[in-house]
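Trainee: I'd like a close look at one small part of this model. Could you walk me through it slowly?

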Amino acid sequence: MKKILILLLLISPFMGCDLDKDFEEMNIDPTKGASLDVNTKMSGVLLRGAGTEYEMTVTKIIYFSQFNQYLVQNGFPQGMFYTFDGTYNAGIWDSYYSDPIKTIQDIIVQLEADESTIVGSEMAIAKIWRAYLFHEIADVYGQSPYFDAGKGYTDAILKPAYDPLEDIYFDMLEELEEAGAMMTNSSTLGSADFIYQGDTDKWKKFGNSMMLRLAMRMMEVDEVSAKAWAAKAIAGGTMASNADNAYMARQDGPQDGNRNAAALHFSKYPDTKVAATFYDYLDDNNDPRLAIFTDPASPARGEFVGYSPTELAATFDMTIDSFAVVNPVFDENEYSDSSFEL
Amino acid sequence: MVGRSRNYIDKQRLIGSISAKYDITDFLYVKGQGGVDRMNMHLNDQAFSLWPIGVAFSPGGIMSEQDVSIRQSDLDLFLGTDNLRLSNNLVLNAFIGSGRFSYSREQSTLRGDNIVIPGVYDVRNTSSQLIDYYFAEKAINSVYGSAELAFKDAIFVSLTARNDWFSTLSLAGKESPNNDLYTSASVSAVLSDLVTMPSIINFAKLRGGYSQIAGGADNPYGLSLNYGLTGSHTGNDGVSLPTGQISGGTIPNKEIKPFQKNESEIGFDLRMFQSKMTVDFSYYDNSTIGDIVAVSASATSGYTSSLANLGEISNKGIELLIRGTVYEKGDFSADLTLNYAKNNSEIISTNDAGDNIFIDQTRNMAAGVTQVVGEQFGTIYGSYFQRDANGNKIYSLNGDGVPLAVRSTDQKILGNGVAPTQLGIGTDLRYKAFQLSVFFEAKFGAQIYSNTNAFMKLVGMSKETIPEGGREAGFLPDGVMDDGSEMVRVTKENLDVFWANQWDIGEESVYDADFIRFSQLSLSYSIPRSITNKLNLGSASVSVVGKNLALWSDVPNVDPESAYQARNGQGLEYAGLPVPRTVGFNVSLKF
C-alpha cells in the first residue's frame with residue numbers, strides 16, 4: 001500500500017492540474033509579432049504598393065505593354081496576341097488585395113483606435129495611399145470590391161461585395177478631400193515614408209493631383225462633378241515640379257522586393273523586345289526618346305528594327321538578337337520607379 | 001545545363017524509444033515509455049546557368065543552403081493491472097495514465113542570387129543574399145484510462161476515457177475550450193464459445209460499440225493575427241528601415257475548439273469450414289462535428305481562407321470482407337477475396353447561416369468542391385450550360401457570327417467528388433510451387449471535374465474538339481439558337497473560339513469517374529527445398545509483379561483517381577502526374 005501511495009505522488013504532477021500550463025505561450029509564434037507599429041506597416045505597404053515583380057511581370061508587362069504594342073516577348077506572348085489568361089489578367093488584383101490593401105485597412109483601423117491618431121497626417125497619408133491603390137484597381141478592373149475589401153480579419157467579411165465604379169470614384173474623391181483637410185505640417189512617419197520622408201506638403205500635392213486625375217477621368221460621364229472636383233484639386237495645390245513626383249527609390253537587392261520590378265523582368269527575360277509599332281512611331285517622328293527607350297548601342301543604331309508579333313513564326317529563321325531591346329539602363333535594379341508623376 | 005544543377009539532401013535521423021515497467025504489487029504495475037524521433041536535414045541547392053537563357057527564372061544562377069531540424073517525442077506514464085482475476089470467470093485489464101506528445105520544426109535558409117565566380121559554391125559568392133527562418137512547435141497533453149473486463153474469455157466489455165489538451169487551440173483570453181474529454185464503450189462476444197453453433201461454423205463473434213475522438217488544429221499559431229517583417233528597404237533619404245506586413249493568408253479564429261468524431265459500429269466475424277471461409281461485416285454510423293477547416297475566402301478580403309469549426313458531416317455505411325478457399329484438390333487450390341464498401345455521406349449543417357462552404361476551386365474557377373447542407377460530402381459545384389425546357393443547350397451568336405454556348409449566371413451541383421461505392425476482387429491460385437495472384441479494384445458513383453481536359457479543349461489538343469469528318473469540315477453544335485433561328489455551323493476557323501468559350505463552363509468537363517482497375521498481377525515460384533537446402537537458404541522465391549496494368553474508365557486522358565490536392569479537394573483534377581504501370585521482378589531469399 002505504501003508503494004502505491006508513493007507512486008500516486010509521483011504521478012500526481014501529471015494528473016489533473018495545469019495540463020495546459022505552457023500552451024498559451026507555446027502557441028504564440030516566436031518569429032512574429034502580435035502587433036506592429038504604424039511606421040513599420042506603412043513602410044511595407046508603400047514598398048509593395050509601389051509595385052512588385054509579380055503584377056509588374058504578369059499584368060503590366062506581359063499584358064498591358066503588349067496590348068499597347070510597346071513591347072513584345074516570345075516567351076510570354078499572351079498580350080501581343082490578345083489572348084485571355086485569367087492569371088495574368090488578375091495580377092494586379094491578386095497582388096494588391098492580398099497585401100497592400102489589407103495592410104492599409106489594418107493601419108487605418110489601428111489609427112482609428114487611438115484618439116490621438118484618429119485624425120492627423122498619418123491617417124491622411126494612409127487614406128491617400130489607399131485611394132492610390134484602389135485607383136489602380138478601379139481603372140484596370142472597373143466594378144470591384146471597395147468598401148468591404150481587405151476586411152477579412154477586421155470585419156470578418158469573407159466575400160466582399162462589388163461596388164459600382166461611380167461609388168468608388170466619388171468615395172475616393174471624398175477621401176482625398178478629407179485627407180487634405182486633416183493633414184498637418186508634420187508627420188511621425190519620417191524615414192518610414194519611403195516616398196516623401198514624411199513631407200506632408202508633398203503628400204498633400206500628391207493627394208490633390210490624384211484628385212485632379214480622377215476628376216479628368218470622369219469628364220465624359222459627369223462633366224459637372226468632374227469640373228467641381230478639378231477646381232477643388234487645383235485650389236488645394238497640385239504637383240508643381242518633378243521634385244513633387246511620388247516615386248520609390250530602388251536598390252539592387254538584397255531581395256527582389258527591393259529591386260525595380262520592371263528591371264527585374266527585363267534582366268530575367270532578354271527576349272523582351274521593343275514592339276515594331278512603338279519603335280516605328282518614334283522613328284517616323286524623329287522622336288529623340290527612341291535612343292532612350294531602346295538600346296542605342298546594340299545592335300548598331302540604324303540597323304535594328306522593332307519586333308512585330310507576326311514575325312514570331314519567322315524567328316526560327318532569324319536571329320532574335322537583331323531586334324531592338326529595351327535600353328539596358330532600365331535593367332538596373334536600383335533605378336527608381338514612379339508611382340505618380342507629373 | 002541541367003547537368004550543372006545540383007541539389008542534395010543530407011539527412012540524419014535518430015529514432016529512439018525506451019520503456020520500463022515495474023511491478024509494485026503482484027497485480028499492479030507502473031510503466032513509463034518514451035519515444036523520440038529527431039531528424040536533421042541539410043539541403044543544398046544550386047542552379048547554375050549560362051547567359052542569356054539559362055535557368056529561365058534566374059539567369060544569374062541561384063544557390064541555397066537550408067538546415068531543417070524536426071523533433072518529435074511521446075512520453076507516457078501509466079499505472080495498471082494485467083489479467084487481474086476478480087472472480088473465476090471475470091478478468092480485468094485496466095490502466096490510467098498521462099502523456100505528452102510534442103513536435104517542433106526549425107528551419108533556416110540562406111539563399112544567394114547571381115553567382116559571381118563560376119564554380120565556387122559558397123552563398124557569399126553571390127551578388128545578393130537572403131536569410132529566412134521558420135519555427136513551429138505544438139504539443140498535446142493527455143490523461144486517459146481504460147478498463148477491459150473479460151467474462152469467461154468469451155464476452156469482453158471495454159471502456160475508455162481520455163482528455164486531450166491541445167496547444168494549437170490555446171491562447172490567452174480564449175473563451176472556448178482548448179481540451180475535450182472523449183469516451184468509448186464496446187462489447188464483443190464470441191458466440192461460438194457460448195452457444196452451440198451449426199457444425200459448419202467454427203468461430204462467430206459479434207461486436208458493437210460507440211466511440212468518440214477529439215482533435216485539435218494541425219498547425220500552431222492559427223488563433224491570432226501575426227505581423228512579420230519582410231526585410232528592409234532604403235528610402236530616398238538613404239535611411240534603411242524594416243518593412244512589415246500581416247503574415248499568412250488565413251484569417252485567424254480565436255475561438256477554434258476541438259473537433260469531435262462520434263462513431264457507432266456493429267459487426268460480426270464469422271469463420272466457416274475450418275476457417276476456409278471467413279466473413280467480416282460491419283455497419284457504421286459516424287458524424288464529424290466542428291471539423292477544423294480553412295474555408296475559402298475571396299482574395300479581395302485580403303486572405304485566401306478563414307479558419308473555422310465547420311458544421312456536421314454524417315457518414316453511414318457498410319464494409320464487407322469475404323475470403324474463401326473455393327476450390328482445393330491435390331496440389332491445386334484457388335482462393336477468392338472480395339471486399340465491398342458503401343458509404344453514404346451527408347452534410348447535416350455548415351455554419352450558423354447554413355451557407356454553402358467552398359472548400360477548393362479549380363484553376364479556371366469553373367467548378368469547386370462545396371459543402372451544401374443536405375447533400376453529400378464533396379459536392380462538385382459549378383457553372384453549367386443554359387438549356388431550354390427540353391434540355392437542349394442554348395447557343396448565341398457572337399459578334400463574328402460564331403454560335404457559342406450560353407453559360408449559366410449561377411452555379412449548381414454538377415456531381416459528387418467522393419465515390420460512395422468501392423469494390424475489390426482478388427484471387428490466389430496455387431499449383432505446386434507456383435502462385436498466381438490477381439487483384440482488381442473499382443469505385444463507382446463519383447464524378448470528377450477535369451481541368452486538364454478543359455485546358456486541352458481550350459487549346460485544341462483534345463480529341464473531343466475534332467468534329468466528325470475532321471477539323472476542316474467544321475460542325476453543327478447539338479442544341480438550339482437563343483432566338484429560335486436555325487442552328488449555325490461552326491467553321492474550321494472558329495473552332496478555337498467555340499471551345500475557348502466553353503473553357504470555364506464547369507459542366508463541360510465533369511465526367512463520371514467510375515472505374516475498374518487491374519491493379520495487380522503477380523506470378524511467383526518458390527524454389528524447391530531440395531535446392532535451397534543445398535545453398536543453405538531458409539527459403540527462396542522469384543516473382544514477377546505488375547501493378548496498375550489496365551484501367552477501364554470513361555474519363556478521357558486522365559486517371560479518374562487524380563486529385564487536385566490531397567485533403568478536401570477530391571473530385572477536382574488539374575495536370576496531375578498519371579499513375580504509371582509498373583512491372584517488376586522480385587527475388588526473395590531467406591537465410
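Which strand of chain B do 2 bridges join to strand β19 of chain B, and do the two run parallel or antiparallel?

Mentor: Happy to. Keep in mind that this is a predicted model. The partner you're after is β25(B), residues 480-481, and it runs parallel to β19(B), which covers residues 394-397. For a landmark in that pairing, go to B:Tyr395, which sits opposite B:Met481 of β25(B).

Now stay on B:Tyr395, since it also has a bridge partner in β20(B), namely B:Ala405. The strand β20(B) spans residues 403-405, and its pairing with β19(B) is antiparallel, with 3 bridges. So β19(B) pairs in a parallel sense with β25(B) and in an antiparallel sense with β20(B), by the rule that a pair needs at least two bridges. Follow the chain from β19(B) to β20(B) and you'll trace a hairpin, with 5 residues between the strands. In that turn, look for B:Gly401, whose phi is positive, at about 80°.

For context, here's what the nonpolar cores look like. One separate core has 34 residues, and B:Tyr384, B:Leu414, B:Tyr449 and B:Leu572 are included in it. The largest core, at 55 residues, has A:Ile128, A:Trp129 and A:Met211 as the residues with the most contacts inside it. Its largest share is the 12 residues from α7(A). If you click on A:Trp129 and skip its neighbours within four places in sequence, you'll find it in contact with A:Val45, A:Leu46, A:Gly49 and A:Ile104.

Terms used. Residues are numbered from 1 along each chain as its sequence is written. Chains are lettered from A and ligands numbered from 1 in the order in which they are written. This is a predicted model: local features need pLDDT of at least 70, side-chain atom pairs count only at pLDDT 80 or more; totals for chains, interfaces and linings use all residues. Helices (H or I, at least four residues) and strands (E, at least two) are DSSP runs, numbered from the N terminus. A nonpolar core is a set of buried Ala, Val, Leu, Ile, Met, Phe, Trp, Tyr and Cys residues joined through C-beta atoms within 7 Å. A residue is buried if 20 or more other C-beta atoms lie within 10 Å of its own, exposed if 12 or fewer, and partly exposed in between; C-beta atoms are placed from the backbone. Two residues are in contact if their C-beta atoms, placed from the backbone, lie within 7 Å.
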